[in-house]
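Here are a few notes to help you find your way around this structure. Have the sequence and the 3D view open side by side, and take the points in order.

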Amino acid sequence: MLLDCPRVQVIDGVDRLTLELRCPGQPRSTALWRNLGGWPADAAYRSIGVEPMLGAAFDLADAGPADAAVVPPAGEVTWRLTISAHRIHRGHPR
């Protein structure tokens, strides 16, 4: 888990995936896992998991005092997740 990480980029060859989570006044993190073809052994494949999250713990039982999002008295928390995918343009070899 990447604590207090509102923006992540994953680059695979010439492809780039960017995720940015905005939620003012709340703790935010990103859970990230990547399988580069090692699992399962009999039919390996490549995959990625990116989980933007409000808070800094997977389980509230493990959260410290500032590790969980808190709904304010107004009764609403707003957040925005922006996902963008790009092809990275590299210069031609000379």
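1. A residue is called buried when its relative accessible area is under 20%, exposed when it is over 50%, and partly exposed in between. With that cut-off in hand, start at C5: its relative accessible area is 15%, so C5 is buried. Please keep in mind throughout that you are looking at a predicted model.

2. Does C5 have a sulfur partner, or is it without one? A disulfide is a covalent bond between the sulfur atoms of two cysteines. A search through the whole structure turns up 0 disulfides. C5 takes part in none, and the nearest cysteine sulfur to it, that of C23, lies 15 Å away. For a disulfide, the two sulfur atoms would have to be within 2.5 Å.

3. The picture from C23 matches: C23 is in no disulfide either, and its nearest cysteine sulfur is that of C5, 15 Å away. C23 has a relative accessibility of 3%, so it counts as buried.

4. Next, have a look at the sheet. Three strands, 3 in number, form an open sheet in the order β1-β4-β5, and their pairing is antiparallel. Which strands stand at the edges? They are β1 (2-3) and β5 (46-54); each has a single partner strand, so one side of each is left without a neighbour in the sheet.

5. Now zoom in on how β1 meets β4. Strand β4 covers residues 28-36 and pairs with β1 in the antiparallel sense over 2 bridges. In one of these strands, β4, you will find T30, the bridge partner of L2.

6. T30 deserves a pause. This residue of strand β4 has a relative accessibility of 4%, so T30 counts as buried. What does the side chain of T30 reach? It reaches the backbone oxygen of C5, at 2.9 Å, which takes us back to the cysteine of the opening point. Leaving aside residues up to four places away in sequence, T30 touches M1, L2, C5, V8, V50, E51, P52 and M53.

7. Finally, travel along to I88, in the segment that follows β6 (80-87). Is I88 buried or exposed? Its relative accessibility is 19%, so I88 counts as buried. Apart from residues up to four places away in sequence, I88 touches I11, G13, V14, D15 and R16. For a sense of distance, the C-alpha atoms of I88 and S47 are separated by 19 Å, and these two residues are 41 residues apart along the chain.

Terms used
Residues numbered from 1 in each chain as written. Predicted model: local features only at pLDDT ≥ 70, side-chain atom pairs only at ≥ 80, totals over all residues. Heavy atoms only, no water. Pairing = 2+ DSSP bridges. Helix = DSSP H or I, 4+ residues; strand = E, 2+ residues; numbered from the N terminus. Buried < 20%, exposed > 50% of the residue type's maximum accessible area, 1.4 Å probe, protein only. Contact = heavy atoms within 4.5 Å. Polar contact = N/O pair within 3.5 Å; in protein donor to acceptor, adjacent residues only side chain to side chain.
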